[in-house]
Amino acid sequence: MKTLLIFILLILSSVAVQAQIAKQPFKQATKAAKAGNYEQALALYQKALETADSNASPSFLTRIHYNLGVCFFHSDQLAQAVKQYERAIELSGGSYHRAFRALGMAQRDLRNWKAAKEAFVKAVRVSGERDGEAWFDLAMVLIEEKDFASAAEAFKQAIKNNSIALAASHNNLGVILALNGNFHAAEKEFQIALQKSDGKFSEAKNNLDFCRQRAMNKELQAKLEFGR
């Protein structure tokens, strides 16, 4: 019994040492990534992944793969970023909200609109529909797909959930309203966009000017500007 106890303690000690060995390059990688040294961070995260053994916790492995994805994304290796984000999502059991949004951003930059939309929809759902940034990203993809009705609803949700892109959300909602002929409501959105940006959102100013000159509807539609 005593021998068995010693054996178990030795195994547990070995697992703890192995975990610590993996966490050291992880910490170094995170420091490098925060400094913008993504190539160095990639090498260190890969080392952490190689060092981690089968006893590593799923949450730790999830973070490694997600952070690898971020580094690949910032290194313009988008296909590799997609693979890492998908692995992080898989390891999390489909509950990693941040990875879904990051996956959507990578797919968006690859112009894979369908895949980007699916990722952003899942990011919204996993967040309990409270992520204003995911709503905004989803709306922009819907615009690319010319699904303006759905995009308008997504922009409303981005506004409701206090997206950091409030000015752009109001502006873009205004553009959709104007394209549908609801110029009065569109002007209000452009005005709010200007208020939210302290008058700095140039697209909203231009759109408001064109909206007030709406006699030539075709010219208006050509000059309205969506914004990010």
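Is the crossing of α7 and α8 left-handed or right-handed? Keep that question in mind while you look around this predicted model, and return to it at the second stop.

**First stop: the whole chain**

Begin with the full chain in a cartoon view, where you will find 12 helices and 0 strands, so that the pattern read along the sequence is α-α-α-α-α-α-α-α-α-α-α-α. Of the 228 residues of the chain, 44% count as buried. If you consider contacts between residues at least 6 apart in sequence, 49% of them join residues at least 24 apart.

**Second stop: helices α7 and α8**

Now select residues 132–144, which form helix α7, together with residues 148–160, which form helix α8; their axes come within 8 Å and cross at roughly 165°. Angles over 145 degrees count as roughly antiparallel, and therefore α7 is described as roughly antiparallel to α8. The crossing of α7 and α8 is left-handed, which settles the opening question. To see how the two helices meet, show the side chains of G132, W135, F136, A139, M140, L142 and I143 on α7, and then those of F148, S150, A151, A154, F155, Q157 and A158 on α8, since these residues make the contact. Sorted by class, the contact of α7 with α8 has 11 nonpolar, 3 polar and no charged residues.

**Third stop: N172**

Next select N172, which has its place in helix α9, residues 166–179. Is N172 buried or exposed? Residues under 20% relative accessible area count as buried, and N172, at 0% relative accessibility, is therefore buried. Leaving aside residues up to four places away in sequence, N172 touches F136, M140, F155, E225, F226 and G227; F136 and M140 belong to the α7 side of the contact you have just viewed, and F155 to the α8 side. Although N172 and E225 are 53 residues apart in sequence, they are 7.8 Å apart in space, C-alpha to C-alpha.

**Fourth stop: the aromatic rings**

Finally, turn to the aromatic side chains, for the structure holds 5 aromatic pairs. One of them is formed by Y66 and Y96, whose rings are tilted, lying 5.2 Å centre to centre with 45° between the planes. This pair links distant parts of the chain, with Y66 in helix α3 (residues 58–74) and Y96 in the loop between α4 (78–91) and α5 (97–109), 30 residues apart. Both Y66 and Y96 are buried. To end the tour, select F26, Y45 and F60, which ring pairs link into a cluster.

Methods: Residues numbered from 1 in each chain as written. Predicted model: local features only at pLDDT ≥ 70, side-chain atom pairs only at ≥ 80, totals over all residues. Heavy atoms only, no water. Axes fitted to C-alpha atoms, helices over the stretch in contact; angles between N-to-C directions. Helix = DSSP H or I, 4+ residues; strand = E, 2+ residues; numbered from the N terminus. Parallel < 35°, antiparallel > 145°, perpendicular 65-115°, else oblique. Left-handed = near helix turned anticlockwise from the far one by under 90°. Contact = heavy atoms within 4.5 Å. Nonpolar A, V, L, I, M, F, W, Y, C, P; charged D, E, K, R; others polar. Phe/Tyr/Trp six-rings, centres within 6.5 Å; stacked < 30°, edge-to-face > 60°. Buried < 20%, exposed > 50% of the residue type's maximum accessible area, 1.4 Å probe, protein only.
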